[in-house]
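Biologist: Could you take one part of this model and go through it slowly with me? I would like a close look at the surface that meets the DNA, in words that a first-year student can follow.

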Amino acid sequence: MEEGLGQNSVPPHGPIDKSKILDIKPLRSLIPIYSMSSQAPPAGQYPSGFSPFFPFGAPQQTPTGVTTRGAATPAPLRAYKNPLGAGDSSSTMNGFNGQDTSGKKKRGSPSRHTKSSVNKPKKSQEPPADLSGLVGISPAQREDGSREVVNIVLMAYDALRRRLCQLEEAKELSSGSIKRADLKACNTLMTRGIRTNMRKRIGAVPGIEIGDIFYFRMELCIVGLHAPSMGGIDALHIRGEFEEETLAVCIVSSGEYDDDAEDSDVIIYTGQGGNFFMNKDKHTTDQKLQRGNLALDRSSRQHNEVRVIRGMRDGVNPNNKIYVYDGLYKIQDSWIEKAKGGGGVFKYKLVRIPGQSSAFAVWKSIQKWKSGSPSRTGLILADLSNGAEGIPVSLVNEVNNVKAPTFFNYFHSLRHPKSFSLMQPSHGCTCIKACVPGDLNCSCIRRNEGDFPYTGNGILVSRKPLVHECGPTCQCFPNCKNRVSQTGLKHPMEVFRTKDRGWGLRSLDPIRAGTFICEYAGEVVGRGKVSQLVKEGDEYVFDTTRIYDQFKWNYEPRLLEEIGSNDSTEDYAMPYPLIITAKNIGNVARFMNHSCSPNVFWQPVVYEENNQSYLHVAFFALRHIPPMTELTYDYGLAQSDHAEGSSAAKGRKKCLCGSSKCRGSFG
DNA sequence: GCCCCATCACCTGT
DNA sequence: CACAGGTGATGGGG
């Protein structure tokens, strides 16, 4: 039956009649598949991707929806799988939900299903309470998100996941372990209603921007970008008046297949099924035109927009995979190939819709810069740190003719005029080799209230008034995992010229939330000198005693209730003042600009040198940061400014961060 | 029609 | 490499 396509690895030119090959009934010609009468929004208001529903007549317009975001356009779709969780629980929240007049129903009735509940006893429990209000998500926002809500959900997810990892790692290999913290965190959040964009849609997803990166498939699920937790194809089922239709809305390209195309705007995607590499004992079979394949096939005819997420190996951590949202594509071609195992395999050619900001293409050009083939445009200096960092810090200006920042000496850490004697002198831990999470004999861990502050791959678990790291007086090896902020830069950085804010800092690598970025290096000065420095025009003062906007980064303790761990103090009070000037001496941190919605935050870290405790300011990623994104943190307000109220105090600068939550000025 | 459960596939992750 | 594992689709029974 596969005579005609046995030897081809080239897409045939004409359209194939798959119905012949696969014994599938032919496609019917499509009529508009949802009712236009009742709720059609005014013309022109469709989100991108809807017009193609008009089979042949509608003009192929440009992807208008691509650049707009957050515009919660009403979608005239009725999805089969309605977001029942939302509908139900929202009415529950009103406290008036037509309570079961139908006597029985609902779970908890311990009637005849007891037999099945023997093997899975946990199922019979009451559903967990809706906790979405805790983190500030309304029922409507669960349906349709926004940038802010997406950030809230992702932060809640990762905070919980980090904490679960921490608990898991502390337990060594003993009792009931929390394997797969990624799954557990997702499950917890979903059952508590902490998620967004539950309404499946074609085209852009509100709150998700092209270039956004993710570190787990579950992150794609909870923000409504791609629903299946493993499957590569997300399909939407639409009920029309006479027919039902299924369309592909999103795909994840894992990069494990031969998806690669030379052109970064093209992707060749393999259909699903056929067991062609999973079951080894089974002979590989032809893929069938069903499920995801069927959806892709229909989409290739409807020409609807399909979101594309590209999975790729993390250069820093080859075990990890990073998912990059690469925007909207359309399926241009499809054909059948013969796989090595012998089965027929569907192939789909997706082409990126032009006019979208680049995402995956940026990754590709970074790869090229790193290999050095076309040199970086605007490169002024290959390594601003002059070897002081283990990793080069390039200096780049693609904007104007300014050749260099004002002179300063690059230094990787702090210079103390005197020892920092606020804390009682203490001795380092006596661990051999490395400190082990959960080992309460380790004095450093005890100082961290029994928690190892970092996960195994060096990610900060939660903010604290003070993180205690191991230091030179500890017995443990220098590669102990509790020395994260002492190990210098881990990502190749770039000091670059911004359009309107002088120099800025960004990374060539993606940075995962909670990753240590750098410390604020410079000279420590006494508190009394601050005003003098400011008067002298020192723009490089870091002062822990300023007023900082509070924000929540740690996990929500109520989400951990069933594990019995509900300690979480996100205490924002700064225990010890520390003032640093990086005017004459400093590192990359002095180039980080202010933003009112930053992607980096600072955390006090302490460790010992020569039996004296020294305080450092360490910067961590607030959320996942795509490569080439400017790194920013909140500069806070000088105390004197705060006392004067909101009147424009002297020395304040107009803020150009461009955030929707911009406070207007800083400094 | 609905609800509940079981089963299955899936471009996971450790 | 093995295997635990979540989600959503599917299908059957009550």
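Modeller: Let us begin with a single contact in this predicted model: a polar backbone atom of R217 lies 3.0 Å from a phosphate oxygen of DNA strand B. A contact of a similar kind is found at G273, where a polar backbone atom is 3.0 Å from a phosphate oxygen of DNA strand B. At S254 the partner is a base, for a backbone N or O atom of S254 is 2.3 Å from a base oxygen of DNA strand B. Two or more residues of the surface near DNA strand B come from each of the elements β3 (244-253), β4 (266-270) and β6 (321-338).

If we now step back to the whole surroundings of this strand, we find that 22 residues surround DNA strand B, and that R180, S254, T270, G273 and Y323 are the closest. By residue class, the surface near DNA strand B is made up of six nonpolar, 10 polar and six charged residues. On the DNA side, 64% of the atoms of DNA strand B within 4 Å of the protein belong to sugar or phosphate, while the rest belong to bases.

We can then turn to the other strand and read its surroundings in the same order. DNA strand C is surrounded by 12 residues, of which R180, L183, M190, S229 and M230 are the closest. Of the atoms of DNA strand C that come within 4 Å of the protein, 60% are accounted for by sugar and phosphate. R180 therefore deserves a second glance, because a residue counts as near a strand if one of its heavy atoms lies within 4 Å of it, and R180 is listed among the closest residues to DNA strand B and also among the closest to DNA strand C.

S229 offers a contact with a base, since an N or O atom in the side chain of S229 is 2.6 Å from a base nitrogen of DNA strand C. When the surface near DNA strand C is sorted by element, helix α7 (residues 181-191) gives the largest share, with four residues. When that surface is sorted by class, the residues near DNA strand C divide into six nonpolar, two polar and four charged.

How values were computed: Residues numbered from 1 in each chain as written. Chains lettered and ligands numbered in written order. Predicted model: local features only at pLDDT ≥ 70, side-chain atom pairs only at ≥ 80, totals over all residues. Heavy atoms only, no water. Polar contact = N/O pair within 3.5 Å; in protein donor to acceptor, adjacent residues only side chain to side chain. Nonpolar A, V, L, I, M, F, W, Y, C, P; charged D, E, K, R; others polar.
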